[in-house]
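Good morning, everyone, and thank you for making the time. I would like to take you through one model, beginning with the whole chain and then turning to individual residues.

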Amino acid sequence: MRRNKLFTAVPVLALAIAAGACDDGLADINRNPNNPEDVPVETVLSSGIWDVVANAGGRGVFGEWTTLYHTSLWPQHVAQSAYNDEDRYSPREGVNENIWEEMYAGALQDLQRTKELAQESGDQNLLAVAEIMQVYGFLFLTDMFGDVPYFEALNLEEFPKPAFTPQAEIYTDLLTRLETAASQINPGASATFATGDLIYDGNLQQWVEFANALRLRVAIRLANTELAETGRAAFAAAWAADKFDDNSDNADLDWAGTPPAQNPIYEQIVIGGRTGDFRVSATLVDTLKSLSDPRLPIFADPAKTDGAYRGLQNGRTPAQAGGTVDHFSWIGSYFIQPTTPSVLMSYSEMLFLGAEAAALGWIADDPATLYRQGIEASMQQYGVAQTEIDAYLAQPKVAYNGLPSIGVQKWIALYLAGPEAFTEVRRTGYPQLQLAFANVTGAFPARLPYPADEGLYNAENFAPYENVTFTDPVWFMQQ
């Protein structure tokens, strides 16, 4: 069963302090002058995990700059009630560069150092755990940007100007890495690095299950591409392996609730005094109301003015929508507590992936059953009573209706779950969203913009991408 221990340790600074993954001439800067070899491996591992999930700048996978300003905004889970440039598809400069730099030069470098220390000591379990988290970080980068430095990344001494790797090659290699990592772990062993394992506290069996569940996520990316058969084979193999059994296996980082170990949205938005900058999107609120969904009062707080659940249309300010910020629902209080966990992958997501694979004929399971189980798992994750779950599932409007119903319910379940809702809306086309009001592009965002610095420091390799815009589809969106 899952542990309840809350993380309280403070991570060290990232071991690599290069200004970016591809800056020319930074190999010497990448050497830590403070002798990182003497840093305990548990500390290096915890730093890598911390920075992947939510670094100090809020630009990790679950930081507020990643989630609220981009990957929960564009799939219309939330809307900007102030300074709504991103809501109208005009991302501010610099944020994308910081996300890129802090992932390459911070989180991934710490995890690379962890792998090196594990190899030196012969600790295959530690090596596999660091590898799984590094795969998670690379998956985030390629999902968000498209083709990225991959095979030549993280080694500036040998590759000061790393080549970009096509997404098709990245995804297939990530599948191989996850399969290998899962096979390397000895589930019955005692983890020597448990104090640095912020996800499972050294429970190696759960790391095996997370690796296989993550293989499902990666494999499904191939569904609408020329590598669909590769995806099918990889999915079927991972589905047959050890994977999540229930919500106790969810991969999450439990926050202690005291500085600096606080939920990143709480820390940056609530403590930062910016609770007026966002409201729940009308798209989500209206969908939940139409389905009589018991998660509505969990996902959203009632409007202060009249107690109604009312979402804000994406792209509109409260004044343009005919009210003040208090006329619209704020993010549900559950999600903005200092102890709210950051969920890297959930049991409900895994079930929805299985439902889609079954609908595609990739596995022999019944898609309708997995669909219902996915809804149930999502509601149980938030403590919804079984009587309410049963009543919800009994509604004809909730009944299984193929891929569209899976897409909508998965979108609901992925509320504020990092970038995954943004990725799945782009990949599946569900739910079918309307463009934001007064948007400046006439097209939905399809990726984060590439950092401008790549054109300065890695010009030759970046040349094929210099005219790529953030509305150009990434590879897995191709039909």
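What follows is a short tour of this model, which is predicted, so please hear every value in what I say as computed from that prediction.

Let me start with the chain as a whole. Its secondary structure comes to 17 helices and six strands, and the C-alpha trace spans about 60 × 45 × 45 Å along its principal axes. For a chain of 479 residues, a compact globule would be expected to have a radius of gyration near 23 Å, and the 21 Å found here agrees with that. Of those 479 residues, 59% count as buried, and, if we take the contacts with a separation of 6 or more, 74% of them come from residues 24 or more positions apart.

Turning to the surface, the chain exposes about 17500 Å², of which carbon and sulfur atoms supply 50%. As for charge, there are 29 positive and 60 negative charges, and the mean positions of the two sets are 7 Å apart.

Now to the aromatic residues, where the structure holds 35 aromatic pairs. One of them is formed by Tyr171 and Phe476, whose ring centres are 6.3 Å apart and whose planes meet at 65°, and because an angle over 60 degrees counts as edge-to-face, that is how this pair is classed. What does this pair tie together? Tyr171 lies in helix H5, residues 167-184, while Phe476 lies in the segment after helix H17, residues 459-462, so the pair links parts that are 305 residues apart in sequence. Both Tyr171 and Phe476 are buried.

A second edge-to-face pair, Tyr334 with Phe335, has its centres 5.0 Å apart and 90° between the planes. Are these two residues buried or partly exposed? Tyr334, at 34% relative accessibility, counts as partly exposed, whereas Phe335, at 8%, counts as buried.

There is also an aromatic cluster to look at, whose members include Trp100, Tyr104, Phe138, Tyr450 and Tyr465.

Coming back to Phe476, its C-alpha atom is separated by 9.5 Å from that of Thr428, although the two residues are 48 apart along the chain. Thr428 lies in helix H15, residues 420-428, and with 23% relative accessibility this threonine counts as partly exposed.

I will finish with the backbone, and here a general reminder is useful: most peptide bonds are trans, and most residues other than glycine have a negative phi. Where does this chain have cis peptide bonds? One joins Pro259 and Pro260, with omega about 0°, and Pro260 is found in the loop between strand E4, residues 251-253, and helix H8, residues 264-270. Another joins Tyr430 and Pro431, with omega about -5°, and Pro431 sits in the loop between H15 and helix H16, residues 453-457.

As for phi, Gln76 has a positive value near 65° without being a glycine; this glutamine is found in the loop between helix H2, residues 67-71, and strand E1, residues 78-80, and it is buried, with a relative accessible area of 3%. Tyr89, which is not a glycine either, has a positive phi of about 70°; this tyrosine is found in the loop between E1 and helix H3, residues 95-121, and, with a relative accessible area of 2%, Tyr89 is buried.

Terms used
Residues are numbered from 1 along each chain as its sequence is written. This is a predicted model: local features need pLDDT of at least 70, side-chain atom pairs count only at pLDDT 80 or more; totals for chains, interfaces and linings use all residues. Side-chain values use heavy atoms; hydrogens and water are left out. Helices (H or I, at least four residues) and strands (E, at least two) are DSSP runs, numbered from the N terminus. The radius of gyration is taken over C-alpha atoms; the globule rule is 2.2 Å times the number of residues to the power 0.38. Buried means under 20% relative accessible area, exposed over 50%, partly exposed in between (1.4 Å probe, protein chains only). Contact means heavy atoms within 4.5 Å. Accessible areas come from the Shrake-Rupley method with a 1.4 Å probe; for residues, only the protein chains shown count as cover. Lys and Arg count as positive and Asp and Glu as negative; His and the chain ends are not counted. The place of a charge is taken as NZ of Lys, CZ of Arg, CG of Asp or CD of Glu. Rings of Phe, Tyr and Trp (its six-membered ring) pair if their centres lie within 6.5 Å; planes under 30 degrees apart count as stacked, over 60 as edge-to-face and the rest as tilted.
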